Each structure stands twice: as C-alpha cells, then as structure tokens.
Amino acid sequence: MLLAAATPVLAADPESCKVVRMAEPGWNDLAFTTGVGMTLLKALGYEPQSTLLGIDVIYLSLKNKDLDVFLGYWDPAMIAYYKPYKEDGSVEDVRTNLTGAKYTFAVPAYVWDAGVKDFADLQKFPDQFEKKLYGIEPGSNQLMLDAIKDPALGLSDWEVVESSEQGMLAEVNRHIKDKAFIVFQGWAPHPMNTVIDMKYLTGGDKFYGPDFGAATVSTQVRKGYLQECPNVAKLLENLSFDIAFENRGMGYLMTDGLPPEEAGLKAIAGEAERLDAWLDGVTTFDGQPALAAVRAKLLP
C-alpha cells in the first residue's frame, strides 16, 4: 500500500471539467474544427457540448461563464467583438490555431472583369448590385455594416442582406447562374475558393486589414478555465490546423453532407499522424495516456 501510494498517478481533470461547453457561429470552418475538438474530447472521456450562437452571444456567454471554449476568434475580423472582453479579462487567448486565413468582400470573376476590383468600385454599379451586399448570420457582419457607413465608399443607402453562410452561398450561386452582379463575404479556408470562380476586392484594409483581410484564427476560453481544467487546456494548447486540412474537412460537411463530428472523425482518420502532436502531454479524463486510448476508440 505504501508503494502504491508513492507511485505517481497521471493527473486528471476534476469532475467539474467533464462537460466541455463549446460554441460556434454556424460557419463551416468553425463547425468543422469544433467537430474535430468534440471528437477528440469524447474519445478522451469528456462530454463536450456545442451550441450554435451569434458571435456577440458567444462572447457574452464566455464572460458569464455559460461557455468554456471557442475555437474561432478571427483576427482582425472579430477585433471589435472581442475588444471589451479582452479589456476586462473575461475572455482569454489560448493559442493561434490557424494561419494563412483571409476574409473580405468577394465577387464572381465576371464581375471583377467588368471593373469591380476594389471596394471603391462598388458605388459605380448601384443598379447592377441592386444596392445589396450579402452577408452571413446576423451578428457576424459588423465589418460589412461598417463599410456601408463610410462616406468615402458611397454606399450609405445600400443594404446588407443577412441570412446564413448557406443562404449567402445559395444567393451567390443563383446570381452566377444568371451572370448577375453580387458582392458577398468571402473567406479562406472554405471550399468556395475552389468551387466558385471568384475574386477578392482590394480597398478593404480599413475594415478587414491588409492583404485581403489576411487573418489568423485563435482558440479562446472563459477566464480561469485553463487553470480549472489543465488537461483540456493542454489539448487546446496543442490543437492547431492548416488551410488544406480545413478545406478537406469542410468539403466533408458541404459536399458529403456529414455532420461536424463525423466530418471531424473522417478527417482525423485520414491524417492520424496529427494525433501525436495534438495529444502530446494529454491524458484521458480518468488519467490514462491519451494517444493509445484515442487511437483505440477512433481508429479501430
């Protein structure tokens, strides 16, 4: 008994950490990465939950400790949303989980060829665009709304059409079928970049940042979570992705019609070597080595 008591036991998170509350705003890239995270957590013995919420609600929920983890802070696109929570310390950064992303206005290639190559060109074609810009979910289009308020762009009487990522892309495809003008929120990683012949507009640095809204994506948690749940924290510190991996995974969602966790599982099975880095220093919920346990559950 004395020897057993002296033998170190792998640390496991307390029972209060078993349920991991996550959220994503309905974007396919974040649905996929959240699906990967949930798949890994379930294989480790946790009980992750994911809720679909607007970005503003996600941050308020993290502040109020109603959520634990958010894998989708796009910088700089979400700076305005994050700023008050960063300043009061209620939401904390864990790590950058994706580099090479971008996010700004886009148009079909034939619209670009017609002379719409910059934000400033939009005001030259009000009738063709029907004075509409197409966004995604309400609460996720603040930069587009900021742009139409800028007097220099001459878009003050234009409308931002808010629906969803799927709704926006359906409108894009409908307009393309008719060779009609449309301007919409475009970003990478996303299969739209290979499925649609599209171009990103210059001139949006003031709103989206330089180099067509070049962005990083980061993992964030509510204040104190890393200290309360160090094992989940270690997984979050390890978890990172790349553009190619996310493009493939999002294809499983959008083309194959898989739910996020099934898409995550398929992506993990296809590139199982990623588990070595993701699970380095991580245990299962009951304190066992993670890599062997996860491989046994996910890669039979």
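Start by selecting helix α17, residues 290–298, where the buried residues are Ala290, Val294 and Leu298. Buried here means under 20% relative accessible area and exposed over 50%, with partly exposed in between (1.4 Å probe, protein chains only). Helices (H or I, at least four residues) and strands (E, at least two) are DSSP runs, numbered from the N terminus. The three buried residues lie on the same side of α17 because they cover an arc of only 35° around the axis, taken from the directions from the helix axis to the C-beta atoms.

This is a predicted model: local features need pLDDT of at least 70, side-chain atom pairs count only at pLDDT 80 or more, and totals for chains, interfaces and linings use all residues. Residues are numbered from 1 along each chain as its sequence is written, and side-chain values use heavy atoms, with hydrogens and water left out.

Turn α17 over: the face away from its buried side carries the exposed residues Ala292 and Ala296. Now show what covers the buried residues, which includes α2 (28–43), α15 (260–270) and α16 (274–278); contact is heavy atoms within 4.5 Å.

Next select strand β7, residues 184–188. On one side are Phe184, Gly186 and Ala188, on the other Gln185 and Trp187, and all are buried. Add β4 (residues 91–108), which runs antiparallel to β7 and is joined to it by five bridges; strands pair if DSSP finds at least two bridges between them. Lys102 stands opposite Ala188.

Finish at Cys17 and Cys229, which form a disulfide with sulfur atoms 2.0 Å apart (the cut-off is within 2.5 Å). Both cysteines are buried.
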